[in-house]
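How can one find a way through a structure of many helices, and what is worth looking at along the route? The walk below takes up a helix and the loop before it, then the aromatic rings, and finally a pocket.

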Amino acid sequence: LAKQLFSENDPWHFATLHMSVATLFQCATLDDWTIILYINLYGCDVFGGGYYEEEPWFCDPYPRFELTALFFVVFILIVALVLLTLFIGVVSMSFEEAQSEQKTEEKVLKRVKVYAERHEISKEQLVLYREVFNLVDFTNSQSIGRQELKFGLKLAHMSITEMQFDALWNRLDVDKSDGVDFAEFLDFMIALRAELAEGNIDGNAG
């Protein structure tokens, strides 16, 4: 559209399709876009912008004031102000989410270290627990939901009533986030092992 509208009056910027794309990209970044605007508002013979003063015959003056004003106002509003702002916002949000996930993972690892030291769990056992956690975490979200945990217990051939499961879940999900990270899962398995040792839950932990 820009090529069709401005190629005669401003061939330096809009003579070809690829030059039009490059020019519009320049306008989208707000880099000296007003010079291009004025050339096409008033004509290349009136305002050359440093492109047509020495070679006025290079252009064919054909200003379209109303169409030019409408085109650039709409283009700058949509592309330069809206789309670029949205793009920057998406990148910033992704960066913040990545930082938040990293901080959360660091907190989980610290809690895992505390649990491992408290219950004397070896590194080999931690590796096994992590493998079990990854098997139950079907969505790979680093958090196990209620249904995922129930399904994992069934795969382990553990018979547990709904009341017993709710009691264990409520004891783990203190923050009511409706999810169990690896630290909580480790605490859950330790508590479950204690329950099995006391004979309160039927099933094999192996």
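A residue is called buried when its relative accessible area is under 20%, exposed when it is over 50%, and partly exposed in between. The model to which these words are applied here is a predicted one, and helices are numbered from the N terminus.

With that cut-off in hand, one can turn to helix α4, residues 33-42, whose buried residues are Ile-36, Leu-37, Ile-39, Asn-40 and Leu-41. What do these buried residues of α4 pack against? Their partners are α1 (2-6), α2 (11-14), α3 (17-28) and α5, the last of these helices spanning residues 65-118.

The backbone on either side of α4 also deserves attention. In the loop between α3 and α4 lies Leu-30, which has a phi near 60°, a positive value in a residue other than glycine. Leu-30 has a relative accessibility of 40% and therefore counts as partly exposed. Asp-32 lies in the loop between α3 and α4 as well, and its phi, near 50°, is again positive in a residue other than glycine. With a relative accessible area of 48%, Asp-32 is partly exposed, because the range for that class runs between 20% and 50%. Just after α4, a positive phi of about 100° is found at Gly-43.

The end of α4 leads on to the aromatic residues. A pair of aromatic rings is described by the distance of the centres and the angle of the planes. Across the whole structure, a search finds nine aromatic pairs. In one of them, the ring centres of Tyr-42 and Phe-65 are 5.9 Å apart and the planes stand at 55°, so this pair is tilted. The two partners come from distant parts of the chain, since Tyr-42 belongs to helix α4 and Phe-65 to helix α5, with their positions 23 residues apart in numbering. Tyr-42 is partly exposed, at a relative accessible area of 40%, and Phe-65 also counts as partly exposed, at 40% relative accessibility.

The pair formed by Phe-71 and Phe-75 has its ring centres 6.0 Å apart and its planes at 5°, so it is stacked. Both residues lie in helix α5, four residues apart, which is about one turn of the helix, and both Phe-71 and Phe-75 are buried. Ring pairs also join Phe-71 and Phe-75 with Phe-6, Phe-14 and Phe-72 into a cluster. A ring can have a charged partner too: Arg-130 lies over the face of Phe-182, at 4.0 Å from the ring centre.

The last stop is a region of open space. Rolling a probe the size of a water molecule over the atoms shows where empty space is left. The second largest pocket holds about 280 Å³ of space. It is lined by 18 residues, of which Thr-104, Glu-105, Val-108, Gln-142 and Asp-181 are the closest to its centre. Which helix gives the most to this lining? That helix is α5, with six residues, while α5, α6 (123-136) and α9 (182-198) each supply at least two. By class, the lining consists of eight charged, six polar and four nonpolar residues.

How values were computed: Residues numbered from 1 in each chain as written. Predicted model: local features only at pLDDT ≥ 70, side-chain atom pairs only at ≥ 80, totals over all residues. Heavy atoms only, no water. 1 Å grid on protein atoms, 1.4 Å probe; cavity = no way out; pocket = protein on both sides within 12 Å on 5 of 7 lines; lining within 4 Å. Points joined across faces, edges and corners; volume = space filled by probe spheres on them. Nonpolar A, V, L, I, M, F, W, Y, C, P; charged D, E, K, R; others polar. Buried < 20%, exposed > 50% of the residue type's maximum accessible area, 1.4 Å probe, protein only. Contact = heavy atoms within 4.5 Å. Phe/Tyr/Trp six-rings, centres within 6.5 Å; stacked < 30°, edge-to-face > 60°. Lys NZ or Arg CZ within 6 Å of the ring centre and 35° of its normal.
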